[in-house]
Amino acid sequence: MPDPETLSCYKADLEPPVDAFKGAMRRFASGVGVITAGQGDSRRGLTATAISSVTMDPPTILVCVNRQGEAHQAIEQDGAFCVNILASEAEGVAMDFAGQTGRVGTDKFASFSWSTLATGAPALDGALANIDCEITERVETASHTVFFGRVLDVRLSDGAPLIHFDRKFVRLEN
Ligand SMILES: Cc1cc2nc3c(=O)[nH]c(=O)nc-3n(C[C@H](O)[C@H](O)[C@H](O)COP(=O)(O)O)c2cc1C
């Protein structure tokens, strides 16, 4: 019988296989997004790979965002976010928004060109796709919030994607 608290059939005293799980996820190649929210000086954003489509009718996406980051509060406050899917040449954007170049807050936006779509969240010019969403649901789990977004607007460009694999950014050529 599953334990009703955890819905698990496995023994609670087993050590969770954290390192093996990290190893497994390092082997999962994924596209790279920058999730943005807010306007003007309250704009915030983060690089993210925990992004998934949920349903097509209505068009819905989910993103998993660490509650400790600055961007979490902006997304929460705004009730909206934009998922910007990065092109292969946008490794610099990914590094800036992952906090790997020392940029924080609005300063992350300084080197790039931005527009707005339906919600007013920043949409990166030249991204392969800008997916502009209003939040419909949120689920808090451990360190992260899973935000579900109803897609209100999409802007597309053609090009090759930036890929993240084995803790490195890889360019996938067309
Ligand atoms: C390839 C890559 C993928 C990431 N994916 C996520 C993610 O899905 N969710 C998340 O909360 N943080 C993710 N991060 C970490 C955030 O980008 C990083 O913590 C960032 O500095 C948070 O910015 P903030 O403090 O402005 O919110 C990822 C980092 C990298 C390099």
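**Two sheets, a ligand shell and a nonpolar core**

Strands 11 (residues 162–165) and 12 run antiparallel to each other, with 4 bridges holding the pair. Within that pairing, Ile163 has Val170 of strand 12 as its bridge partner. This is a predicted model, and the two strands belong to an open, antiparallel sheet of 3 strands, ordered 1-11-12. Strand 1 (30–31) and strand 12 (168–171) each have a single partner strand, so these edge strands are left with one side that has no neighbour in the sheet.

The other sheet to look at has 7 strands. It is open too, its pairing is antiparallel, and the order reads 3-2-6-9-10-5-4. At the edges sit strand 3 (44–48) and strand 4 (51–56), each pairing on one side only. Going from one strand to the next, the twist averages 30 degrees. At the strand 3 end of the order, strand 2 (residues 33–37) and strand 3 run antiparallel and are joined by 5 bridges. Here Ala37 stands opposite Arg44 of strand 3.

Strand 3 turns up again around the ligand. The ligand is surrounded by 16 residues, and the closest are Ala48, Ala50, Gly69, Ala71 and Gly99. Three elements give two or more residues to this shell: strand 3, strand 5 (59–66) and helix 2 (70–78). Of the shell, the largest share comes from strand 3, with 4 residues. Sorted by class, the ligand's surroundings come out as 8 nonpolar, 6 polar and 2 charged residues.

Then there is the nonpolar core. In soluble globular proteins, nonpolar side chains tend to be buried together. The largest such core in this model counts 30 residues, and Ile35, Phe81 and Leu86 have the most contacts inside it. Several elements give two or more residues to this core: strands 2, 3 and 5, helix 2, strand 6 (80–85), helix 3 (91–97), strand 8 (122–124) and strand 9 (129–141). The biggest contributor is strand 6, which gives 5 residues.

Phe81 deserves a look of its own. With neighbours within four places in sequence set aside, its contacts are Ile35, Thr36, Ala37, Val63, Ile75, Ala121, Cys133, Phe147 and Gly149. Ile35, one of these contacts, is also among the residues with the most contacts inside the core. Ala37, another of them, is the residue that stands opposite Arg44 in strand 3.

Conventions. Residues numbered from 1 in each chain as written. Predicted model: local features only at pLDDT ≥ 70, side-chain atom pairs only at ≥ 80, totals over all residues. Pairing = 2+ DSSP bridges. Axes fitted to C-alpha atoms, helices over the stretch in contact; angles between N-to-C directions. Near = placed C-beta within 6 Å. Nonpolar A, V, L, I, M, F, W, Y, C, P; charged D, E, K, R; others polar. Core = buried A, V, L, I, M, F, W, Y, C linked by C-beta atoms within 7 Å. Buried ≥ 20, exposed ≤ 12 C-beta atoms within 10 Å, placed from the backbone. Contact = placed C-beta atoms within 7 Å.
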